[in-house]
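Please take a moment with the sequence and the structure shown here, and then follow the text through a few places in the chain.

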Amino acid sequence: MSTRLDLLQSALESALAGKIRTSVRALGEITITVGATDYLEVARTLRDTPELRFEQLVDLCGVDYSDYRNQPWDGPRFCVVSHLLSLTHNWRLRLKVFCPDDDLPVLPSVNEIWPAVNWFEREAFDLFGIVFDGHLDLRRILTDYGFIGHPMRKDFPTTGHVEMRYDPEQKRVIYQPVTIEQREIIPRVVREDNYGGLH
């Protein structure tokens with residue numbers, strides 16, 4: 001296994017000379033991090049270089065590093081992680097790129113390089129608010145049309161801001177502020193006299 005990883009690592013270093021910011025090798029996998037300005041060029045190189053041939057994007061997801069491992073994080077907040085597969089060489093790669101601006105996270109879309117990324121980029125946009133520049137149909141995919149915010153961000157309240165319910169008087173679905181009552185979650189135990197032989 002290590003010989004195959006050595007081959008992949010040397011092919012990556014040869015094809016992406018100077019564009020890899022970090023390269024981590026752990027648990028039989030390689031993870032590379034590249035800059036946002038090099039993201040499109042690196043993606044094309046990973047797909048088109050005969051020694052690499054990552055023809056398939058398996059998954060893309062957003063990550064919010066604002067509270068990484070319950071400790072302060074010093075660096076960009078939002079990251080996009082892609083998992084790539086080379087059917088030709090039968091190897092995998094994890095590609096990470098951080099959004100340069102935390103207030104408006106924007107990265108170029110790789111939809112023209114790997115068409116399978118279409119819905120994954122829409123999901124990262126919907127749940128994390130990461131904008132993919134050049135995406136042909138960037139709109140929400142999992143939340144409601146009127147939803148405000150991005151629910152996978154770590155600063156989004158777990159209860160949300162509004163709730164939706166059917167109102168039988170108005171005979172339609174209405175939105176209203178969240179009405180979750182705080183309650184005690186410790187169960188109350190009632191013991192009978194002489195329970196379990198105790199006096």
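In this predicted model, a good place to begin is Asn90, which is found in the loop between β4 (78-86) and β5 (91-98). The phi of Asn90 is near 55°, a positive value in a residue other than glycine. This can be set against a general background, in which most residues other than glycine have a negative phi. As for its surroundings, Asn90 has a relative accessibility of 60% and therefore counts as exposed, since the term applies to values over 50%.

A second case appears further along the chain, where Lys171 is found in the loop between β8 (162-167) and β9 (172-177). Lys171 is not a glycine either, yet its phi is positive, at about 55°. Because its relative accessibility is 62%, Lys171 counts as exposed.

From these loops we can turn to the largest pocket, in which about 290 Å³ of space lies. Its lining is made up of 15 residues, and those that lie nearest the centre of the pocket are Gly28, Glu29, Trp91, Arg92 and Leu93. Which elements each supply at least two residues of this lining? They are α1 (2-15), β2 (29-34), β4 and β5, and the largest share, 4 residues, comes from β5. Here the reader meets again the two strands on either side of the loop that holds Asn90, namely β4 and β5. Sorted by character, the residues of the lining of the largest pocket divide into 8 nonpolar, 3 polar and 4 charged.

How values were computed
Residues are numbered from 1 along each chain as its sequence is written. This is a predicted model: local features need pLDDT of at least 70, side-chain atom pairs count only at pLDDT 80 or more; totals for chains, interfaces and linings use all residues. Side-chain values use heavy atoms; hydrogens and water are left out. Buried means under 20% relative accessible area, exposed over 50%, partly exposed in between (1.4 Å probe, protein chains only). On a 1 Å grid over the protein atoms alone, a cavity is a set of points where a 1.4 Å probe fits but cannot get out, and a pocket is an open set with protein on both sides within 12 Å along at least five of seven lines; lining residues have an atom within 4 Å of a point. Grid points are joined across faces, edges and corners, and a volume is the space filled by probe spheres set on the points. Ala, Val, Leu, Ile, Met, Phe, Trp, Tyr, Cys and Pro count as nonpolar, Asp, Glu, Lys and Arg as charged, and the others, Gly among them, as polar.
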